[in-house]
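New to this one? Take a moment to look over the model, and then let's walk through a few of its spots together.

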Amino acid sequence: MRSEEVDLIIKNCAILPMSRLGMVKEGLIAVKDGAVSYVGDAVSAPELRAENVLEGQGKLAMPGLINCHTHLAMTLFRGLAEDATLKTWLSETIWPLEAKLRPQDVYAGSLLGCLEMIRNGVTCFADMYFYEHKVAEAVEKAGLRAVLASGILEVSDWGRSEKMLKEAVGFAKRYRGYADGRITTSLGPHTVFACSEELLVKVREKASQADVGIHIHIAESKEMAEKIGRESSSSEVELLEKLGFLADDVLAAHCIHLTHEDMAILAKRGVKVVHNPVANLKLAQGVAKVKELMDAGVTVGLGTDGAASNNSLDMFESMKVAALIQKAISGDPSALPSKKVLEMATVRGAKALGLEEKVGSLEVGKRADIILIDLKKPNLTPLHDLCASLVYSAHGYDVDSVIVDGEVLMENREVKTLDEEAVMEKAQDAAFSLLKR
Ligand SMILES: [Zn+2]
């Protein structure tokens, strides 16, 4: 029998496909034209040959992690404005620095973010920022997959917000399908408090017309949530519902300060929520009731938020913290089991980004976004419960290889698409010169 030629084979690996297939102990994955063409038991695999073969002995293949909410270029602000409230952090440090950002700074910070995510096994992320075309360029170079939104802020200047909305729509149309289809786009209104009702209605209209989603922060700050409550006698979610803003294409970061009625509205409208546990704890904003949201039927993904409020882009850390704090706030150790947390970082994350047909699990026909974890590590020995070990014991540095769209971005911890030294040096220079300007 003649063997079939494919582009890439990963052999002798264990596989956690995050699909109905279930765990495979001695597996094989084949990739052709950027998609998974075989995943399963090595003994059941057809005869295959490929020029590129990765040895998976002692390693676990699983879907790449999906970071559903970040602001990549904020890696430049990592470690600034520590121990500050959200309001002080934003108004006294972040917004004044962002006003001085240049497109090349965003590019340098985004490349650094891409490098950090590749090293930590993140293959896909959702971003909202300024000069988003520079984030797109960084994503193209790094080889990652992303959903990008150009940010829209009003701050009592209608002329400025009109311009930002126009730019955001232009970006969403122009960059949809960019980087060989790895980039999809959405619109990024910042928050209810940074955008007027009139602007939010316009964003909704434009998103529907352009057939792109919306990426927004909802109910992050208790102070802001209370202010909106006083001024409009409704919650942020109720206000957005009244405006006709909420739909299944809305990705809502945080959603900490919600009532049961708010959760029911989000579930009814199919709004997707991103939980960002580390950033929420660090800015002392509280903890989203993830279990209740999931029980209400809401799809919840996981994110890091920007590196300025986290201060890393390590999704392994976010998985662990997510699991731990749900136990702490509920007093129930089974509140968020490790399997569910892994789903938040993979299949549920893919659904939150509207990419569930393409990524999130290892299945034939889906794009080949795969990571290999080195299981021969002290912190992963002995391996009694794989899901628990991945959530509670693994770290980003246990990721050995990263593949996106069938392309190997990192192999044996060596990043292939970026010059690590140069990326770090340029980002450091950009950060320090920004502070001096
Ligand atoms: Zn954010």
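## The zinc site and beyond

The zinc ion is held by His 69 (NE2), His 71 (NE2), His 217 (NE2) and Asp 305 (OD), at 2.1 to 2.5 Å. Donors here are N, O and S atoms within 2.8 Å of the metal (3.2 Å for Na, K and Ca), and since water is not among the atoms, sites may look incomplete. Along the sequence, the donor residues follow the spacing H-x1-H-x145-H-x87-D. One pair links distant parts of the chain: His 71 sits in the loop between β8 (65–70) and α1 (86–99), and Asp 305 in the loop between β15 (300–302) and α11 (315–330), 234 residues apart.

This is a predicted model, where local features need pLDDT of at least 70, side-chain atom pairs count only at pLDDT 80 or more, and totals for chains, interfaces and linings use all residues. Residues are numbered from 1 along each chain as its sequence is written, and side-chain values use heavy atoms, with hydrogens and water left out.

Why is the arrangement around the zinc ion irregular? The four donor atoms subtend angles of 85 to 175 degrees, so the arrangement falls in that class. Four donors would be tetrahedral if all angles lay between 85 and 135 degrees; four count as square planar and six as octahedral if opposite donors are over 155 degrees apart and all others between 65 and 115; anything else is irregular.

His 71 is buried, at 7% relative accessibility, and Asp 305 is buried too, with a relative accessible area of 5%. (Buried means under 20% relative accessible area, exposed over 50%, partly exposed in between, with a 1.4 Å probe and protein chains only.)

Now for some helices. Helices (H or I, at least four residues) and strands (E, at least two) are DSSP runs, numbered from the N terminus. Helix α11 packs against helix α14 (residues 386–393) at an angle of about 100 degrees, with their axes 7 Å apart. Axes are lines fitted to C-alpha atoms, for helices over the stretch in contact, and angles run from 0 to 180 degrees between N-to-C directions. So α11 and α14 are roughly perpendicular to each other; under 35 degrees counts as roughly parallel, over 145 as roughly antiparallel, 65 to 115 as roughly perpendicular and the rest as oblique. Among the residues that meet are Phe 316 and Met 319 in α11, and Leu 390 and Tyr 392 in α14. Contact means heavy atoms within 4.5 Å.

In helix α3 (residues 132–142), the buried residues include Glu 132, Lys 134 and Val 135. Gly 143 follows α3 and has a positive phi, near 95 degrees.

Over in strand β4 (residues 35–41) you'll find Val 36, which is buried at 2% relative accessibility. Not counting residues up to four places away in sequence, Val 36 touches several residues, including Ile 29, Ala 30 and Val 364.

Two residues have a positive phi although neither is a glycine:

| Residue | Phi | Loop | Relative accessible area |
|---|---|---|---|
| Asp 180 | about 55 degrees | between α4 (158–174) and β11 (183–189) | 72%, exposed |
| Ala 284 | about 55 degrees | between α9 (277–282) and α10 (290–295) | 65%, exposed |

Finally, the cis peptide bonds. One joins Asn 310 and Asn 311, with omega about 5 degrees, and Asn 311 is in the loop between β15 and α11. Another joins Thr 381 and Pro 382, with omega about -10 degrees; Pro 382 lies in the loop between β16 (370–374) and α14.
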